[in-house]
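Good morning, and thank you for making time for this short report. I would like to speak about the enclosed spaces in one structure, and then about its ligand.

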Amino acid sequence: MTKVVQAIRYDRRMIGPHYIEPLFRPPSEARSLILQVTNGCSWNRCTFCEMYTQPQKRFRIKAQEDIDRELAAVAAEDIPIRRIFLADGDVMTLSFRRLRGILESVERHLPGVQRVASYCLPRNLRNKTVDELTALEELKLSLFYVGCESGDDLVLDRVSKGESYASSLTALQKIKAAGARSSVMILNGMGGKRYSRQHAVNSARLMNDAQPEYLSTLVVSFPQGMERYQAGFNGEFEPLDQAGLFREMHWLLENLELENTIFRSDHASNYLVLKGTLGKDRGRLLDTVRAALERPGAVPLRQEHERGL
Ligand SMILES: C[S@@+](CC[C@H](N)C(=O)[O-])C[C@H]1O[C@@H](n2cnc3c(N)ncnc32)[C@H](O)[C@@H]1O
Ligand code: SF4
């Protein structure tokens, strides 16, 4: 995994969907067909996220007839498609009925598809029952990338995520109860210096309670400046330097009590690449973080020019 989000590079000759760009998807969906069933994000208020702020990314839902037409065009190409990622950032805001219609269309046109995935905000599941999620899972919608970002309510409030520890946990538990899997994103550095420890400890607590199948961390980054972010912190946000980021990662790891979660901290925003399965690899990962902190140069780090979002 090199990036959690990056613009999709697709071959226009191979597949037919119409995309409103920029388009983002998790790195593990690099080989999936991207089906853009919604445009943008209906929330769009998280102060760290600039992904859908351009005018063409105003939230919009694609008509079912257009989705059907795009799937028929893909099917006509006769390329084996095994995985589909539903874009953009907030697909699960669609009603159960709309989602079921999309998945039935996928099944009709591309019966070889084995897995459908999408991003998912915790509140997207508030009005969906476990039975409904189970029905969607049976139609192959079985993996949700959930941007929890933090388990700390104060930090979540400062960044206008519109979610809390409790809302995030409820959503992750619903996903599990429906037999689907979740891949959670936590943002390293999100609380700045002041809230670093509580952000790490409460994020670990949330993960321990939820036991997601996948967990990844990204370093919060501000390619377009920190103005919007600072406003949420009343101008008092102090970004973590490298050592601060590593110290926070150490707090996170030492508080994680996961039974069987694939952990990745290898997105391009990270200086220090960490990969393993938690809990069995926790000791090794902690050793690596400690080495990076205590013996500069001992662990190779991603250089600034190699980093990105
Ligand atoms: C395209 S967003 C969609 C996620 C989905 N809407 C949600 O909130 O769960 C994917 C993820 O990118 C990450 N992201 C967005 N902006 C970021 C930034 N400025 N720095 C680091 N990660 C960022 C966040 O973890 C976010 O959840
Ligand atoms: S909900 Fe997700 S896509 Fe929407 S603004 Fe927040 S992080 Fe970005």
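The largest cavity holds about 60 Å³ of space. Please bear in mind that this is a predicted model. The count of cavities of 30 Å³ or more comes to three, and I shall describe two of them.

What lines the largest cavity? Its lining consists of Asn188, Val219, Leu245, Phe246, Met249, Ser265, Asn270, Tyr271, Leu272 and Leu274. Helix α8, which covers residues 242-255, gives the largest share of that lining, with three residues. In character, the lining of the largest cavity divides into seven nonpolar and three polar residues, with no charged residue.

I turn now to the second largest cavity, whose volume is about 40 Å³. Around this space stand Ile186, Asn188, His199, Ala200, Ser203, Glu248, Met249 and Leu252. At least two of these lining residues come from each of β9, α6 (196-210) and α8. Here the lining divides into four nonpolar residues, three polar and one charged. Asn188 and Met249 deserve a remark: they line the second largest cavity, and they also appear in the lining of the largest cavity.

Let us move on to ligand 1. Which residues come nearest to ligand 1? Of the 20 residues around it, the nearest are Phe48, Gly89, Glu149, Lys161 and Ser221. The shell around ligand 1 comprises 15 nonpolar residues, three polar and two charged.

As to secondary structure, three strands each supply at least two residues of this shell: β8 (141-149), β9 (181-188) and β10 (214-219). The largest share, three residues, belongs to β8. Strand β9 thus enters the account twice, since it supplies residues to the shell of ligand 1 and to the lining of the second largest cavity.

Where are the polar atoms of the protein placed with respect to the ligand? A polar side-chain atom of Glu149 lies 2.6 Å from an oxygen atom of ligand 1. At Gly89, a polar backbone atom is 2.7 Å from a nitrogen atom of the ligand. The backbone also takes part at Cys120, where an N or O atom lies 3.4 Å from an oxygen atom of ligand 1. Taken alone, the ligand exposes 570 Å², and the protein buries 97% of that area.

To close, I return to the question of character: the shell around ligand 1 includes two charged residues, while the lining of the largest cavity has none. Thank you for your attention.

How values were computed. Residues numbered from 1 in each chain as written. Chains lettered and ligands numbered in written order. Predicted model: local features only at pLDDT ≥ 70, side-chain atom pairs only at ≥ 80, totals over all residues. Heavy atoms only, no water. Near = heavy atom within 4 Å. Polar contact = N/O pair within 3.5 Å; in protein donor to acceptor, adjacent residues only side chain to side chain. Areas by Shrake-Rupley, 256 points an atom, 1.4 Å probe, with all protein chains shown as cover. Helix = DSSP H or I, 4+ residues; strand = E, 2+ residues; numbered from the N terminus. Nonpolar A, V, L, I, M, F, W, Y, C, P; charged D, E, K, R; others polar. 1 Å grid on protein atoms, 1.4 Å probe; cavity = no way out; pocket = protein on both sides within 12 Å on 5 of 7 lines; lining within 4 Å. Points joined across faces, edges and corners; volume = space filled by probe spheres on them.
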